[in-house]
Amino acid sequence: MLDLTSLTELLAQPCKIVITTHHKPDGDAMGSSLGLYNYLIQQGHHVKVITPTDYPEFLTWMPGNEEVIIYTDNTELSAQLVADAALIFCLDFNALSRINELGVLVGQSSAYKVMIDHHLEPEDFDDYRHWDINACAAAQLVYDFIVNVLQKPEYINKDVATCLYTGIMTDSASFRLPNTTSDVHRIVANLIDAGANNSRIHELVYNSASENRLRFLGHCLANCLEILPEYHTAIIAVNKADLQRFDINTGDTEGIVNYALSIATIRLAAFIVERTDRVKLSLRSKAEFPANEICKKYFNGGGHRNAAGGHSETSLEETVQKFKNILPEYKKLLVQ
Ligand code: 5GP
Ligand code: MN
């Protein structure tokens, strides 16, 4: 274990630090990691952000992105950096399986591990934990860690603010989800004061799609959307051939599930996609419906109550059928 005094002492001297985040990083994974990166480099530390996999093009503009190492493209260098690190920050995840093979290396490393996260049921691999399931984003917790735990608000510069704003904006679905509290808005106001250009960040993240991506969205809504009125549930299921036909890359499928949830009567929406390695599910729900419970119980996954994910090793058709078979168990919650 590492107490705050020992962590502060460690951080008082320049040291070798690795920051890592979950498989297929999203806006919060990259925003929180690069926000912390831009803070730590001001303190003279040697910092590397290592992601387990690639991540969407619309997240590659953030300050510090050019220094990010993708594990799958740089396995030897990543292993060396993890082995040499004195500290490893684990952001926006809390189980080593979420970072694939990198999790084995992190587990074996003698470095102190600091978890900054907002997911349920953390695994016990860390030495210091800044964890709150009520936080709307890991980026919110990184802000809190810098400002209130380390007490260094003066280091929230434009680069830190830009990355943390992106994390909070994306994970709160543009300040829309119920955990976007007045405290979150105050943090966001501070980030804008510190230099985050809010309208520019919205443009870079949300208005940077390719023509293919928009046509693919049209295809999903016109041809792949199935409504199950008796369960207030919508499913969008997409096969591998369609991904190839529209030249869909990492990140291009993000957010499509929300269109299914935008129907007034729908309480649960599923986006089920046949990726090259396995079938991936993204669930979104309204109000009290526990989407994460379905992912945890049936699809090797987890997440938050209203936004969760998982995967399945069976075919697309079988996965869709399995999902449909689960719905009667949740009928009461879905139709109330
Ligand atoms: P998405 O549907 O955007 O991939 O993920 C939504 C939420 O569920 C995110 O908070 C993400 O961390 C979580 N999530 C997605 N896939 C998995 C998974 O395979 N395992 C776990 N534990 N959480 C997941
Ligand atoms: Mn997050």
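1. Let's start with the pocket around ligand 1. In this predicted model, 13 residues surround ligand 1, and the closest are S282, G301, G302, G303 and G309. Here a residue counts as near a molecule or strand if its C-beta atom, placed from the backbone, lies within 6 Å of it. By class, two residues of the shell are nonpolar, nine are polar and two are charged. The classes put Ala, Val, Leu, Ile, Met, Phe, Trp, Tyr, Cys and Pro under nonpolar, Asp, Glu, Lys and Arg under charged, and the others, Gly among them, under polar.

2. Which strands each supply at least two residues of the shell around ligand 1? They are β11 (302-303) and β12 (307-312). With five residues, β12 gives the most to that shell. Strands (E, at least two residues) and helices (H or I, at least four) are DSSP runs, numbered from the N terminus.

3. A word on the ground rules. This is a predicted model, in which local features need pLDDT of at least 70 and side-chain atom pairs count only at pLDDT 80 or more, while totals for chains, interfaces and linings use all residues. Residues are numbered from 1 along each chain as its sequence is written, with chains lettered from A and ligands numbered from 1 in the order in which they are written.

4. Now the overall layout. The protein chain is divided into domain 1 (4-206) and domain 2 (211-335), with bounds taken from an automatic or database domain assignment. Their C-alpha centres lie 27 Å apart. Across the interface, nine residues of domain 1 are in contact with eight residues of domain 2, where contact means C-beta atoms, placed from the backbone, within 7 Å. The side of domain 1 that touches domain 2 has five nonpolar, one polar and three charged residues. Both domains give residues to the shell around ligand 1, so the ligand lies between them.

5. The UniProt record, an unreviewed entry, lists residues 16-168 for "domain: DDH" and residues 245-326 for "domain: DHHA1". UniProt positions are given in the numbering used here, feature names are shortened, and annotations may be inferred rather than shown by experiment. Residues 16-168 are 36% helix and 19% strand, with end C-alpha atoms 27 Å apart. For residues 245-326 the figures are 32% helix and 27% strand, and the end C-alpha atoms lie 31 Å apart.

6. Helix α6 (residues 158-171) deserves a look. Its 14 residues reach 20 Å from the first C-alpha to the last, close to the 20 Å expected at 1.5 Å a residue; the expected span is 1.5 Å times one less than the number of residues. Is α6 mostly covered or mostly open? It is mostly covered, with 13 of its 14 residues buried. Buried means 20 or more other C-beta atoms within 10 Å of a residue's own, exposed means 12 or fewer, and partly exposed is in between, with C-beta atoms placed from the backbone.

7. Some backbone angles to check. Most residues other than glycine have a negative phi. Just after α6, A173 takes a positive phi of about 50°. F175, in the loop between α6 and α7 (182-193), has a positive phi of about 65°, and its 12 C-beta neighbours inside 10 Å make F175 exposed. E121 sits in the loop between β5 (112-117) and β6 (128-131) and has a positive phi of about 50°. With 10 C-beta neighbours inside 10 Å, E121 is exposed.

Note on methods. Contact = placed C-beta atoms within 7 Å.
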